[in-house]
Amino acid sequence: MDKFELPISDRIKGLQERRKRQNKDLRLNFERNRIITDYYKANPKQYPIMKRAGFLYKWLTERAINIEDEDIFLGDAGPQCRTVHFDIEQCSPMWITGCFGDTDERFKAAWQQPGSVWVSDEDRAWILEAHEFWKDNDIAATAKGLFPPEFIEGMGPYKNFLNGSYPGHFCPNYERAVTVGFGECRRIAQEKLAEIQACTTHANVRSELFYHAYIKVCDGMILMSKRYAEGCRKKAETTTDPARKAELLKMADSCDWIIENPARNLWEGLQTVLFYQYLLIADGTHWADSPGLVDSFLGPLAENDIATGALTREQAQELIDAWLYHMGDQIIMFPKPTNDMLINAHKEGRTFYDLQGGAQNIAAGSCITIGGMKVDGSGDYNIVTEMVLLAYYRLRVAEPSIAFRVNEHTPDHLWELAIATSKRSGGMPQFNNDDVIIKAMLDRGVPLEDARRYAVFGCVEPAISGKEWSMAANCGGFGTGASLVNILQYIIHGNVNPMDGSTGKLPCKKLYEYESFEELQAEMERQMKFYIDNVTRMYHFAAMVFNHEWPILSASMMTEGCLEKGMDVSWGGATYNGMGSMFNGIGTTADSLSAIKYMCFDKKIITTKELYDALQANWEGHELLRRRIINEVPFYGNDDDTADDIVRWFTNYWTDIFNNSPGVNGGTQNCGALDLYNVGAGKRTWATPDGRKTGDPLSLSSDPRPDSVRNGPLAYVKSVAKMPWRKLRCGGAINVRLDGNSVKNEEATAKIRDLISTYFALGGIQVHFTVADTAVMRAAQKNPEDYQDLIVRIAGFSAYFTHMSFTDQEGYIQRLELGV
Amino acid sequence: MDYENAAGRIYDIQGYAVHDGPGIRTTVYTKGCPLSCLWCHSPESQSFEFQVGYLPLKCLGVDLCENTCIKACDQGALTAGEPEQAMDGSGLIRKVRIDRTKCNECQKCAEVCINKALYTAGWDTTVDEVYERLMKDVPFFRNGGGVTISGGEAMSQFPFTYNLAKRLKDSGVHICLDTTGFANTEQLGKMIPYVDLFLYDLKQMDSEMHRKLAGVPNEKILENARFLAANGAKLQVRYPVIPRLNDSEENMHATAKFCKELGDAVTLVQLLPYHHLGTSKYDRLGKKYKMHRWSPPAEEFMQKALDIFKSYELPCQLH
């Protein structure tokens with residue numbers, strides 16, 4: 001029998017059902033948007049951080065208190081369970097007018113159908129009116145006002161950055177919220193404030209405002225907790241069930257205590273994490289606000305409860321189960337659907353949630369990290385590590401994602417449980433290699449003790465838990481996109497993107513004008529350097545917008561360094577600062593360069609002009625050449641140095657330049673290799689020399705193209721291990737697909753562990769594996785109701801298969817069938 | 001070519017071959033087998049000769065490649081088929097068809113097929129070449145993993161198999177030899193120092209029945225098993241459970257009893273439930289799968305079978 005099976009309690013089943021019901025009837029969070037709009041309209045001249053504090057205080061003290069019947073934990077970041085969050089100050093004006101300024105008929109067809117994320121007529125009128133204020137005051141407007149015109153011109157295709165959105169990927173110190181509390185933090189802030197007031201200078205005057213703002217939010221947080229206490233007592237008055245009544249009164253007692261004071265038991269610790277999470281989400285849907293090393297600070301509370309008999313093992317598990325449902329409730333609307341998208345989805349009988357389920361919106365991109373090391377280098381695994389894994393194993397949830405840190409101290413039974421969980425939960429958890437990641441952190445100048453305390457922020461991005469403002473892969477909604485492939489297009493087509501005829505900033509030759517492969521490589525290096533220099537410049541500008549006008553006060557409340565220095569995270573308050581960027585299109589670029597080298601220079605099978613012509617024609621009339629390339633050229637992913645050396649060359653070049661460029665707020669720039677948009681980017685990318693046609697998907701993240709992999713999983717793993725992972729310190733995603741038949745018995749578990757361990761010994765930093773059972777997916781397409789819990793791993797995140805669009809499902813299955 | 005770098009004919013090398021012994025293994029599959037088991041799921045392993053394989057899915061249509069394969073064939077075995085819808089929906093194409101009665105397996109068509117719809121099953125290689133390829137996977141061979149030499153029947157290519165095993169063993173690689181046991185006893189004896197574990201098939205204890213199912217009687221196989229056990233070899237016995245052909249209780253008892261008699265040499269008995277996953281490979285080679293495609297044995301049935309083996313106090317498992 002199943003040795004990991006712990007019963008799922010009836011209450012948990014109830015919460016599960018509750019969420020399934022709610023997914024068909026989601027609501028947008030207008031509450032938060034009304035509050036911020038009212039506040040910002042009424043206080044236009046307030047200093048930005050005071051304005052932020054004022055808004056947050058208003059939200060904390062006025063928001064609806066929602067206590068669900070039968071629920072084990074309290075509240076949500078919105079007015080009801082699974083509210084869908086969006087921030088009006090970071091919506092593009094085109095989206096607002098396009099959706100809500102549309103005709104009545106189309107508006108209703110998109111937003112007022114069964115399964116819609118419901119927007120009432122009143123909400124619609126409100127958002128259009130609010131838009132009149134925000135269009136001149138939102139993040140994008142601020143950016144436009146701050147940037148010199150020459151800079152905006154120069155942004156070329158990256159102007160969409162000007163639509164502006166909050167930087168994301170951070171991990172404030174939740175441990176401080178749980179084990180120290182806002183009361184003590186408030187006391188420290190007051191002390192610091194008094195020091196400054198005794199001697200105000202040019203240098204510290206802004207910090208004085210920071211402390212005022214800080215104290216106001218502490219007050220608000222404490223009040224919100226007490227408002228929940230009051231809500232519980234009221235509810236208890238009308239509750240007839242004596243057990244529930246007692247539970248509500250106990251929760252009331254706890255809510256009077258927590259937030260202000262350190263949590264005394266596991267329930268209080270978990271509820272504190274949730275309350276703080278609500279604040280972060282309400283402040284702004286920053287994307288991927290992650291709670292860090294949760295088992296590390298929740299473990300002692302759980303162990304104490306069990307040791308004292310306050311909780312049984314089963315009761316503790318029930319708490320973790322229920323808490324994870326709440327952590328997964330924070331839905332961010334991303335990408336924002338247009339009316340066309342929504343109307344089409346409804347026509348196909350799909351709900352808003354289905355539409356979003358295939359994307360990475362769920363659970364706000366948040367990632368829970370478990371396991372790892374203590375500051376002294378000993379293993380950090382406890383009963384909460386196990387309970388979190390058990391929750392995913394038993395409940396088969398996809399959100400939020402989890403990262404499992406492994407090192408030489410990882411206990412065997414947790415290895416086994418993590419692999420068993422991953423087999424069931426579509427690649428959850430991902431596995432992270434402490435050895436190499438810690439070294440990568442040391443390379444950034446982080447001291448060993450702190451390096452050992454990294455956590456995963458978002459999809460795969462490692463940064464220092466609780467102490468870093470990381471902005472991994474995301475600054476102001478601006479990523480580098482399919483950067484490598486763009487550069488590849490320029491050097492083939494002579495600085496022209498054949499998709500739209502647009503030109504790059506750095507003129508260069510056409511493919512048939514290069515005398516040697518080395519000359520082409522040199523041009524590629526020149527282009528990469530130019531691109532990275534520009535990106536770095538943009539990052540500094542983007543960071544300035546937030547520094548100036550949009551502080552991230554909620555994160556500054558607990559990120560270490562901010563309280564100490566009196567600085568917001570956006571001003572450089574955190575102990576460590578990072579600026580991440582992902583480079584991608586690795587497989588497509590590597591295979592394309594390998595094809596040029598092999599076909600035109602090494603074997604001289606065709607001339608560069610012939611290849612150029614075939615590309616210009618999108619392979620039309622050149623099908624046999626295309627097939628020959630696909631079948632004959634050495635491709636990345638097969639443990640063949642001919643292709644793998646190309647990957648090593650450009651990755652080393654890119655990371656060396658990027659990582660050594662000056663970071664924001666005196667921090668470091670950190671390169672990673674991750675991509676979630678390979679399908680969309682592929683649609684906008686012209687044919688490539690690897691045999692890919694115009695519009696076909698690009699390779700994903702650091703993965704080789706699935707259909708380039710010819711030699712099975714070992715060669716695949718050895719190939720990807722050749723990447724200079726230690727330099728990819730903003731993370732990377734490697735997906736290893738295993739045949740369903742090869743993972744069945746217990747021995748198979750040990751073999752998967754060997755595979756992961758070998759990959760890590762060879763230098764890899766992250767891996768998740770998926771079990772490719774295409775027969776199961778076909779069955780799920782036919783009977784989606786029976787396969788509601790089938791989870792598949794996309795790249796940095798997992799998604800429910802039945803919520804993906806038919807096209808995405810087909811794409812996924814095809815990739816599997818062609819792949820390893 | 002010297003003896004140590006003997007030539008061999010193989011049809012595949014597979015990494016992460018998790019069904020072929022302990023740990024992560026890479027398996028070399030030699031081509032050709034003196035047995036012809038009805039349920040064999042690797043038809044390309046049976047013949048010692050190269051064979052033309054054909055994957056219609058990959059055929060681009062003879063009009064696109066201007067009859068490349070048809071022109072290459074001097075036996076008139078290839079013709080254009082009826083127009084059919086292309087996989088990518090680009091229109092009608094005429095895929096090639098093989099008349100296997102005319103094909104002499106000369107491989108000329110496979111040599112010219114650009115998209116490898118026509119391909120050769122098998123290739124010639126040497127100990128050096130294969131050794132170099134296998135050593136690339138050494139980092140994965142932790143915790144008991146290593147190389148498995150399988151077939152076909154690897155012992156049918158003794159110089160290759162022997163020298164490959166010796167060479168790998170000298171480099172510290174754990175070696176499994178997957179054998180039918182239908183081999184020259186003296187040669188098997190020579191393998192013992194270089195093989196950590198023999199994966200040894202016992203298909204049917206009744207010799208006459210064995211001949212019907214696998215094409216050869218079983219006396220030699222049983223004798224070789226005893227010989228290996230008596231001479232210090234370790235055996236992992238593999239018993240494929242095939243519906244109606246060898247799944248009688250009587251045969252199970254006989255197999256278990258035989259394993260018991262081999263004593264400590266038997267480290268594990270694996271019961272492998274029949275499946276027909278490999279049968280599409282028969283179509284590719286233009287061969288007929290001679291057995292009825294039975295459903296795999298039920299789990300309860302396999303559990304009962306396992307209980308029989310357990311009753312002999314044998315280390316055993318379902319695989």
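Visitor: What is the expected span of a helix, and how does helix H10 of chain A compare with it?

Guide: The expected span is 1.5 Å times one less than the number of residues. Helices are DSSP runs of H or I with at least four residues, strands are runs of E with at least two, and both are numbered from the N terminus. H10(A), residues 182-198, has 17 residues and should therefore span 24 Å; its end C-alpha atoms are 24 Å apart, which agrees. This is a predicted model, in which local features need pLDDT of at least 70 and side-chain atom pairs count only at pLDDT 80 or more, while totals for chains, interfaces and linings use all residues. Residues are numbered from 1 along each chain as its sequence is written, and chains are lettered from A and ligands numbered from 1 in the order in which they are written.

Visitor: Which residues of H10(A) are buried, and why are they said to line one face?

Guide: A residue is buried if 20 or more other C-beta atoms, placed from the backbone, lie within 10 Å of its own, exposed if 12 or fewer, and partly exposed in between. In H10(A), A:Phe182, A:Cys185, A:Arg186, A:Ala189 and A:Lys192 are buried. The arc is that of the directions from the helix axis to the C-beta atoms. The buried residues of H10(A) fall within an arc of 125 degrees, so they line one face of the helix. The face turned away from that buried side carries the exposed residues A:Glu191, A:Ala194 and A:Ala198.

Visitor: What puts the buried residues of H27(A) on the same side?

Guide: In H27(A), residues 608-616, the buried residues are A:Thr608, A:Leu611, A:Tyr612, A:Ala614 and A:Leu615. They cover an arc of only 165 degrees around the axis, which puts them on the same side of H27(A). H27(A) is followed by A:Asn618, whose phi is positive, near 50 degrees.

Visitor: What makes a set of residues a nonpolar core?

Guide: The members are buried Ala, Val, Leu, Ile, Met, Phe, Trp, Tyr and Cys residues joined through C-beta atoms within 7 Å. The largest nonpolar core has 316 residues, and A:Val217, A:Val388, B:Ala165, B:Leu177 and B:Leu235 touch the most other members. Helix H11 of chain A, residues 205-238, gives the largest share of this core, 13 residues.

Visitor: How do you know that S3(B) pairs with S6(B)?

Guide: Two strands pair if DSSP finds at least two bridges between them. Four bridges join S3(B) to S6(B), residues 118-121, and the strands run antiparallel. B:Val52 has B:Thr120 as its bridge partner in S6(B).
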